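User: I am new to this structure and would be grateful for a close look at its salt bridges. Please also describe one helix and one patch of the surface.

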Amino acid sequence: MLSLPVIDLAPVRRNEPGARKKVAQLLDETCRANGFFYVTGHGVPPELLQKVFGQSKGFFDLPVDVKLRWHIGKSGISRGYDPVGWQSLEVGKPADLKESFYLGVDRGPDDALVMAGVPNQGPNQWPDEVLVPGFRATTNAYAPAMASLGRQVLSLLAESLNLPASYFDAFLTNPMPVLRLLHYPPSDKALQDGQVGSGAHTDWGSVTLLAQDDVGGLQVKLGDV
């Protein structure tokens with residue numbers, strides 16, 4: 001069993017002497033070893049995390065036919081609800097037993113990027129407020145908090161490579177961070193051979209931040225992929 005390292009960002013956030021160098025070194029060692037780590041002291045308010053989990057549960061508890069009003073296929077830019085079995089991440093394996101809701105930077109028709117036709121830029125689909133009260137306000141508070149944390153992690157990763165802390169900033173002009181709410185419902189049917197909640201995969205983008213609950217289940221594959 002692999003025990004993932006726990007990296008505390010609190011000393012960095014407090015600007016303690018030598019903290020950035022120490023954390024950058026830990027990140028270098030960890031990313032070379034397995035590429036995954038836990039982050040604590042990140043500054044995202046725990047009450048905000050709990051509210052997001054609550055809003056997520058409120059949406060996924062809705063009947064399937066209601067959730068399908070915001071099916072991702074109606075978006076055109078991959079925003080909205082994808083039901084259980086909609087995605088299969090591992091080639092040759094059965095559909096994944098998860099459902100999710102995709103959100104991104106919410107851009108209206110008059111936004112410069114939308115008007116320029118930049119791919120994947122546009123509006124989110126939002127569940128009706130009467131069905132999931134506070135969903136939009138909560139996720140709109142959580143998304144920038146996580147984007148800020150992502151920038152902090154990237155700056156430390158830059159330093160772990162002996163680069164300036166601001167090195168990746170040049171690649172973050174009008175970024176498109178994705179917030180994905182995930183739900184792995186219990187299954188009352190017999191599973192197909194090799195069927196899991198989420199098939200083996202690598203993520204796209206610069207860095208993935210996953211808010212972990214007490215259930216667990218994420219597995220890390222070491223070695224060549």
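Analyst: The structure holds nine salt bridges, a salt bridge being a side-chain nitrogen of Lys or Arg within 4 Å of a carboxyl oxygen of Asp or Glu. The model is predicted, so local features need pLDDT of at least 70 and side-chain atom pairs count only at pLDDT 80 or more, while totals for chains, interfaces and linings use all residues. Residues are numbered from 1 along each chain as its sequence is written, and side-chain values use heavy atoms, with hydrogens and water left out.

Side chains of opposite charge can pair when their charged atoms come close. One of the salt bridges joins glutamate 99 and lysine 67, with 3.0 Å from N to O. Glutamate 99 belongs to strand β4 (residues 99–103) and lysine 67 to helix α4 (residues 64–67), so this pair ties together parts that are 32 residues apart in sequence. Helices (H or I, at least four residues) and strands (E, at least two) are DSSP runs, numbered from the N terminus. Glutamate 99 is buried at 4% relative accessibility, and lysine 67 is buried at 3%. Here buried means under 20% relative accessible area, exposed over 50%, and partly exposed in between, with a 1.4 Å probe and protein chains only.

Another salt bridge links arginine 14 to glutamate 16 at 2.8 Å, N to O. Arginine 14 is exposed, with a relative accessible area of 52%, whereas glutamate 16 is partly exposed at 34%. Aspartate 111 and arginine 107 also meet in a salt bridge, at 3.3 Å from N to O. In that pair aspartate 111 is partly exposed at 22% and arginine 107 is buried at 11%.

The helix chosen here is α2, which has 15 residues (19–33) and reaches 21 Å from its first C-alpha to its last, close to the 21 Å expected at 1.5 Å a residue. That expected span is 1.5 Å times one less than the number of residues. Its buried residues are Ala19, Val23, Ala24, Leu27 and Thr30. They cover an arc of only 130° around the axis, which puts them on the same side of α2; the arc is that of the directions from the helix axis to the C-beta atoms. These buried residues pack against β1 (6–8), α1 (10–13) and α6 (135–160), where contact means heavy atoms within 4.5 Å. The face of α2 turned away from its buried side carries the exposed residues Lys21, Lys22, Arg32 and Ala33. Glycine 35, with a positive phi near 85°, follows α2.

On the surface, leucine 218 is exposed at 54% relative accessible area and is found in the segment after β5 (179–183).
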